[in-house]
Amino acid sequence: MNLEELTALYDFTDCTVLVTGGAGVLGSEIACALVGCNANVVILDRDQELAQRVIEQFPKVVKGRSARVFGDVLNVDSLLQANETIKAEFGAVDILINAAGGNHPSATTSPERTFFDLPVEALRQVGDLNLLGTMLPCQTFGRGMSERGAGVILNVSSMNAFRPLTRIPAYSAAKAAINNFTQWLAVHMAQNYSPHIRVNAIAPGFFLTEQNRFLLTDKDTGALTMRGQSILAHTPMNRFGTPEDLLGATMWLISPASAFVTGAVIPIDGGFSAFSGV
Ligand SMILES: NC(=O)c1ccc[n+]([C@@H]2O[C@H](COP(=O)([O-])OP(=O)(O)OC[C@H]3O[C@@H](n4cnc5c(N)ncnc54)[C@H](OP(=O)(O)O)[C@@H]3O)[C@@H](O)[C@H]2O)c1
C-alpha cells in the first residue's frame, strides 16, 4: 500500500451516510468531517432548525451533497418516512451512524433523588433512546443493506458499557446493551446476508458536552465537580476528549480500511478503560 491507496480508502465519493442525532455535538462533528471526505451526508434529527444550522456550517467546496431529514429514532413511522425521502433524493443509505442517544438528569441519582426514587418514565426514556433508538434505525436502514448485500453500521456506545459509572444506571445498562447488540448484529448480518455488511461501535470516554456538563462542572462557577476531577484523575491523558478525537476511529470503522473488522467496540477514552487506578 502507498499513500495514494491509503487516502483513497477514505474517499467517500458517491457514498450516502446517514447520521442519527447528527445535529448533536458529536454527530455534527462526524457529519462535517464526512462532508469534507466527499460523502453525501444526511442528518436525521428531531430539531430541524438546529440541523439546518449544522448544515450551514459544513465546508462548501465538496463533491457530495448534504441534507437534513426529520426523524425520531423511537418512532418507526418517522424512520420509514425518512427512508423514503432519502431514497428519492440520494438512493440507498450505504453507511448508518447511530449517534442519537444520551442520558437525562431525571434518570440520574443525586442526594435528593435516590436510585429507589428514579421515575419509571425517566428510566424507560433513557433506556429506550439508547437501545431501541439504535435498534430501530438498524431495522429500517439495515433492511436495504441486507437486500443489497453491502453496508456499514456504526453505533455509539460509551465507557459506561464496560463498567458502569455511578449515578446513571439506565444509561449505563443501555450502553452495555449497545455493545452486546453491536456484536449480535455483526454476526447476524455476516452469517445471514453478506460478509460485506459490517457493524461496529465506538465507545467515547468523557467529552464535555451539554448532556454531561451538569455532572462534570459546577453550573455557577464552571469549575470541575468532584466527579469531573475524578474522571480526569482516572484518564491517563489527563484531559476530556474533544469531538475531533472521534474522527480517526470513526473514519477507519466506516471505511474499507477496516474491511475485516466487524463486531468491534473501540474505546476512544484517553486510556480511561486501560487504567486500573493504581
Ligand atoms: N458527550 C459524551 O461525553 C459522550 C460520551 C460517550 C458517549 N456519548 C454518546 O454519543 C452520542 C452523541 O452524544 P452527544 O454528546 O453528541 O449528545 P447530543 O449533543 O445531545 O446529541 C444527540 C442528538 O440526538 C438527538 N436526539 C435525541 N433523541 C432523539 C430522538 N428520539 N430522535 C432523533 N434524534 C434524537 C438530540 O436532539 P434533541 O436535542 O432534540 O434531544 C441531539 O441532537 C450519544 O449516543 C451519547 O450517549 C456521548
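**Aromatic pairs, ligand shell and surface features**

Trp-184 is partly exposed, because its relative accessibility is 48%, a value in the range between the 20% limit for buried residues and the 50% limit for exposed ones. The model described here is predicted. Three aromatic pairs are present in the structure. In one of them, Phe-181 and Trp-184 have ring centres 6.4 Å apart and ring planes at 15°, so this pair is classed as stacked; the limit for that class is an angle under 30 degrees. Both residues belong to helix H6, which spans residues 169-192, and because they are three residues apart in this helix, about one helical turn separates them. Phe-181 has a relative accessibility of 8% and therefore counts as buried, whereas its partner Trp-184, at 48%, is partly exposed.

A further pair is formed by Phe-206 and Phe-272, with ring centres 4.9 Å apart. The planes of Phe-206 and Phe-272 stand at 65°, so the arrangement is edge-to-face, the class for angles over 60 degrees. Phe-206 is located in the loop between strand E6 (197-204) and helix H7 (213-216), while Phe-272 is located in the segment after strand E7 (265-268). Because 66 residues separate the two in sequence, the pair ties together distant parts of the chain in that sense. Both rings belong to buried residues: Phe-206 has a relative accessibility of 12%, and the value for Phe-272 is 13%.

The ligand is surrounded by 27 residues, of which Leu-26, Arg-46, Tyr-171, Thr-209 and Gln-211 are the closest. Polar contacts to the ligand involve side-chain as well as backbone atoms. A polar side-chain atom of Asp-45 is placed 2.9 Å from a ligand oxygen atom, and a polar side-chain atom of Asp-72 is placed 2.8 Å from a ligand nitrogen atom. Gly-102 takes part through its backbone, where a polar atom lies 3.4 Å from an oxygen atom of the ligand. The ligand taken alone exposes 880 Å², and 87% of that area is buried by the protein. Helix H2 (25-36), helix H5 (120-148) and H6 are the elements that contribute two or more residues to the shell around the ligand.

Helix H2 also contains Ser-28. The relative accessible area of Ser-28 is 16%, so this residue is buried. Its side chain reaches the backbone oxygen of Val-25 at a distance of 3.2 Å.

At the surface, Met-1, Leu-3 and Leu-6 make up a nonpolar patch of about 370 Å². Met-1 is found in the segment before helix H1, which covers residues 3-9. Because the relative accessibility of Met-1 is 73%, this residue counts as exposed. Val-61 is placed in the loop that runs between helix H3 (48-56) and strand E3 (66-70). With a relative accessible area of 84%, Val-61 is likewise classed as exposed, since the limit for that class is over 50%. The C-alpha atoms of Val-61 and Val-41 are 14 Å apart in space, and the two residues are 20 residues apart in sequence.

Definitions and conventions
Residues numbered from 1 in each chain as written. Predicted model: local features only at pLDDT ≥ 70, side-chain atom pairs only at ≥ 80, totals over all residues. Heavy atoms only, no water. Patch = residues over 30% accessible without salt bridge, like charges linked within 9 Å, V, L, I, M, F, W, Y side chains within 5 Å. Areas by Shrake-Rupley, 256 points an atom, 1.4 Å probe, with all protein chains shown as cover. Salt bridge = Lys/Arg side-chain N within 4 Å of Asp/Glu carboxyl O. Helix = DSSP H or I, 4+ residues; strand = E, 2+ residues; numbered from the N terminus. Buried < 20%, exposed > 50% of the residue type's maximum accessible area, 1.4 Å probe, protein only. Phe/Tyr/Trp six-rings, centres within 6.5 Å; stacked < 30°, edge-to-face > 60°. Near = heavy atom within 4 Å. Polar contact = N/O pair within 3.5 Å; in protein donor to acceptor, adjacent residues only side chain to side chain.
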